[in-house]
Amino acid sequence: CAPGSLSKLVVIIHGFSANANPAEEGGNWPTEMAELILEHDSSVDGAVTVDWKEGASPSFKSIAAVYGQAAANTRYMGVATERVVKQLGGCSLSVHCIGHSLGAHTCGFLGQALKQDMGCNIARITAMDPAGPGFTTDDPLTPKLLPTRPPDQRLDSTDADYVDVLHTDGDHLGTMVDL
């Protein structure tokens, strides 16, 4: 799509140790979701899937180090995605970011970057099972009921005009925090 030809854009971002490559195991859901949204929501005229596989599962020997680096990479991926959104139309777009796990926080960082860089909000973030460790607590075995990080270091209700959160796994790696 040429810049300026879009009005409503959906951005879909996978989470920890995942990918968005339909040719790889587990990588088909972002593309399938994008296709279904474009097929069934006539108000959406563009969809982007973000494949940050290399950043979502860096090569380290310990799972804690891998997850910690992947969690840290969400801020960079939010800014990198903001640059793409900016090229596609920036503030002239109505953007809906859908993120799973670490991708949910990446959507938050996309919203923060767009607000800081261009002075506008993204329209909506849908956070599916936002990650807990590194955002609401450092201990994956501690119930994640209260945020322990400031709003600029995690997904927050101020990162978009409307933020909806779907919680289905808050026992270990998810969170039950009302963001």
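Let's start at C91 and C120, which form a disulfide with their sulfur atoms 1.9 Å apart. Keep in mind as you look that this is a predicted model. The two cysteines come from distant parts of the chain, 29 residues apart. C91 lies in the loop between helix 3 (63-88) and strand 3 (94-100), while C120 lies in the loop between helix 4 (102-118) and strand 4 (122-128). About the S-S bond of C91 and C120 the torsion is about -85°, so this disulfide is left-handed.

The surroundings of these two partners are worth a look as well. C91 has a relative accessible area of 35%, which makes this cysteine partly exposed. C120, with a relative accessibility of 15%, counts as buried, because buried means under 20% relative accessible area.

Now turn to the other pair, since the structure holds two disulfides. Here C97 and C107 are joined, and their sulfur atoms sit 2.1 Å apart. This bond also links distant parts of the chain: C97 belongs to strand 3 and C107 to helix 4, with their positions ten residues apart in the numbering. The torsion about the S-S bond of C97 and C107 is about -70°, so this disulfide is left-handed too. As for accessibility, both C97 and C107 are buried.

How do the two bonds fit together along the chain? Counting the bonded cysteines in order, the disulfides follow the pattern 1-4, 2-3. In the structure, then, you can trace one bond from C91 to C120 and the other from C97 to C107.

Technical notes. Residues numbered from 1 in each chain as written. Predicted model: local features only at pLDDT ≥ 70, side-chain atom pairs only at ≥ 80, totals over all residues. Heavy atoms only, no water. Disulfide = S-S within 2.5 Å. Helix = DSSP H or I, 4+ residues; strand = E, 2+ residues; numbered from the N terminus. Buried < 20%, exposed > 50% of the residue type's maximum accessible area, 1.4 Å probe, protein only.
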